[in-house]
Amino acid sequence: MTGAEIRKLFLNYFARKGHTVVQSSSLVPQNDPTLLFTNAGMNQFKDIFTGLEKRDYSRATTCQKCLRVSGKHNDLENVGRTARHHTFFEMLGNFSFGDYFKRDSIIYGWEFLTEEVGIDKSRLWVTVYEDDDEAMELWKELTPVPAERIIKCGAKDNFWAMGDTGPCGPCSEIHFDQGPGIYPCPDPESCGPQCDCDRFLELWNLVFMQFERSADGKLTPLPKPSIDTGMGLERVSSVVQGKLNNYDSDLFSPMINFTASLAGVKYGASEESDVSLRVIADHIRSAVFLIGDGVLPSNEGRGYVLRRVMRRAMRHGRMLGFAEPFFFKVAGVVIDAMEESYPDLRDKRDYVAKVILHEEERFIRTLDRGLQLLEGEVEKLSGEKKILSGEVIFRLYDTYGFPVDLTADIVRDRGIVLDEAGFEREMEEQREKARKAWKGSGEEAVGGLYRAMKDAGVATTFIGYHSLENSTEIASIGLGGTLTRSARAGDKVEIALAATPFYGESGGQMGDSGSLEGEGFFVRVDTATKPMADLIILGGEVTRGEIKTGAKVKARVEAGARFATAQNHSATHLLQSALREVLGDHVKQAGSLVGPDRMRFDFTHFAAMTKEEIRKVEELVNRWTAQNHAVAVTEESHAQALEGGVTALFGEKYGDTVRVVRMGGVSAELCGGTHAASTGEIGAFKIISESGVAAGVRRIEGATGERALERFWKYEDSLDEISHSLKASFEDAPERVRKLQAQIRELEREITSLRGKLASGASGDILSEKKIINGVAALAAKAPVADAKGIREFADTLRERIKSGVFALGAEADGKAVILVGVTADLTGKLKAGELIAPLAEKVGGRGGGKPELAQAGGADPSKIDEALALFYDEVAKKLG
């Protein structure tokens, strides 16, 4: 039975048992800022378990794609070296939300393993929590497992908790006995599931969520106990297929065999090449699914994890003999194997390959140089304990793109320890930057105020698609982060209405502004946010009177701002279609921001757009706006919309029913935002800038309608001013500028020539001031130039004239001190420019460094140049003494 057949069998089995088959969520969590990646099947159901969300089913089953890059069974350094360490894996799970509990969960687990997939009952063992007598008795009653094969374990292994507080409960695990003698065991006589020898393989974990843990540690029974189970597809597939190693199952063998064939090696021939083949097979699965869910390689957050995984695999490719890109080719094998279960991969095949190839090409350019540096530093190490310095680790990371764990991987078998503390010190500045840039899952944690509103039954109905004002009542008021019944003039408040025309900020669209007015009071609304589903919060200030919960109110959205926002939002849809037509189908939305006065659109692409491409995109968008296509909005099933070719956002979480926005035959996207009634309402469209924001991600900022006209007028005013200054017509201005630039270049050449002549004469005069220190000619003097480039040119002339010696030059340039030290080649064995310049740089309040023959420093205090030059002679004497 193949892994794909087991996956399908599992979902079909639980569908027959009344479970709703729920699609795997993205690897990028959309509703949990505490998670870097989705790492368990229950992640997408967390709000259901905690009571924050309700769905129209109480039983669910999934095959969830997961990623773990640290922790038990998932340390990156062990992936490829053991039988069961993986980064990407699929978690099979069945869930009950207050429906069935322990009895049915045990029945389903046992029945599926023994009857559906046919695992030998005599080789299955069970563990239960030591205080869970109920589960122990149910296993005895419902299954033929002998009592001696049901083992009680402590909380460390058999009690699960969502956090320090909240839902929790005992677990029951089903283990498979792989047989004695396969793995070394310290105590074979008492070996069982509680042993760490790996003979007993944990297959399935059944979590009985039956308690609520309070802050004081007290466990209170939940009114509706629930079930959360998880079974790794890779593990159950290896067991069913009779393999002792997950990598020998058919979930990995296609990638291993393909890579082995490309490399001209045979899997099983040597442990060294086998490890590399397994690493590549594991990591390519992670890369494909991460990129498919919108993650791109970068130096922070999720992108850094992807880069680490990819570059580790690429380095193992080099160990197999690959000198050219290969990893992107293996991606196609993964998609071939997975596209039936994950159909979205089909459309992303070319895009995924391009992203991987781009990263491979970047890494190959620096890999050899980085390895040379590392080998050179390793050769310098001596002593019993060899420690690679943090400075070297940082240079490999910063200059050559070596993640720290890649460096560790390379030196692992050579007895070398990394100075990770030193690396952390070097990295502090970058780490601080990364902390500031990190945004969690992209959604803010839900504040206590909003949870309190939700717990009080507050929900907001949004009516703003069709109306900009309505009469409603105040459902809830927040003041200073807590609920209140009333607020007065001057109070900054957060208000939830029963029904609202205000669009709450979401999906890249900024929230509305406007006002609330009732009998005796007025509230200015500055912001509208949507912290939770069905809850729109209006932030603003009570400017008159007193507001109270339940008060009748007239809500009005500022119409001009809403219309301008709609223009910009609709323009981003046309922009994406134009980008795909001009640049290719690999273009995907990677983020956006639309408001009344701005629009920003991030998209996946690997190079800066050319002027011609930008012009073509602008032309298409303006053509489509001029054609005045109707903007049609419909609600459809998610599956129906995708089958119809509608564009969805990478990684976005959609419900079963989605809102589709179509603009003629040129754009169709899933979108919950507000839009123009027709493309003609967008007016003119102008791209203001195009830039890079991350590896493989570009950003366009644009303007529509009146903002676009204002931009055109600004360009026109600037051109008029330039033409007037040049005393040339608009048409002749470019040619006039080119002639002036040519004249400037000619004058600069003349200046350079005159400077050289001056330096030549001045160097002869300065040489008369040289001193002889221990037989070495030494000179310290102010250079007769006033910029860093001039000093370097003067130094070259001086070096030729001094023949053999050492010199220091100082000058003031742009209000800063510039110091340069030179040593002729015959003296670099005993005098180093980089060492000589350090105390001089400190004297002028700066730092400096360079090669043995030439070093340069800058400082903030030019008044100390003379003191620094005087110090030079003392430093030379010290070095020669």
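Start by selecting Gly457, just after helix 16: this glycine takes a positive phi of about 85 degrees. Keep in mind as you click around that you're looking at a predicted model.

Now step back into helix 16 itself, residues 448–455. Which of its residues are buried? Pick out Leu449, Tyr450 and Met453, and you have them. Look down the axis and you'll see why they belong together: they cover an arc of only 95 degrees, which puts them on the same side of helix 16. Swing around to the other side, and there you'll find Gly448 and Asp455, which are exposed.

What do those buried residues pack against? Colour these strands to find out: strand 13 (469–479), strand 14 (482–484), strand 16 (492–497), strand 19 (521–532) and strand 20 (535–544).

While you're in this part of the chain, select residues 434–445. Here pLDDT stays under 50, and the model has 19 contacts beyond four places in sequence for this stretch. For the protein chain, the mean pLDDT is 89, with 95% of residues reaching 70 or more.

Next stop: helix 18, residues 611–626. Try the distance tool from its first C-alpha to its last: the 16 residues reach 22 Å, close to the 22 Å expected at 1.5 Å a residue. Show the side chains of Val617, Glu618, Leu620, Val621, Trp624 and Thr625, which are buried. Seen down the axis, the buried residues of helix 18 fall within an arc of 160 degrees, so they line one face of the helix. On the other side, Lys611, Glu612, Arg615 and Ala626 are exposed.

Add helix 17 (559–583) and strand 28 (685–694) to your selection, and you'll have what the buried residues of helix 18 pack against. Just after helix 18, click on Asn628, which takes a positive phi of about 55 degrees.

Time to go inside. Nonpolar side chains tend to be buried together in soluble globular proteins. Here, the largest nonpolar core has 109 residues. Which of them have the most contacts inside it? Select Leu113, Leu203, Trp204 and Phe327.

Zoom in on Leu203. Leaving aside its neighbours within four places in sequence, Leu203 is in contact with several residues, including Leu113, Ile119, Leu124, Phe176, Met231 and Val239. Its contacts also include His175 and Arg235, as well as Gly230 and Gly232.

For your last stop, select Phe807, Val844, Val876 and Leu880: they are among the 45 residues of a second, separate core.

Technical notes: Residues are numbered from 1 along each chain as its sequence is written. This is a predicted model: local features need pLDDT of at least 70, side-chain atom pairs count only at pLDDT 80 or more; totals for chains, interfaces and linings use all residues. Side-chain values use heavy atoms; hydrogens and water are left out. A nonpolar core is a set of buried Ala, Val, Leu, Ile, Met, Phe, Trp, Tyr and Cys residues joined through side-chain atoms within 4.5 Å. Buried means under 20% relative accessible area, exposed over 50%, partly exposed in between (1.4 Å probe, protein chains only). Contact means heavy atoms within 4.5 Å. Helices (H or I, at least four residues) and strands (E, at least two) are DSSP runs, numbered from the N terminus. The arc is that of the directions from the helix axis to the C-beta atoms. The expected span of a helix is 1.5 Å times one less than its number of residues. pLDDT is the predictor's confidence in each residue, from 0 to 100.
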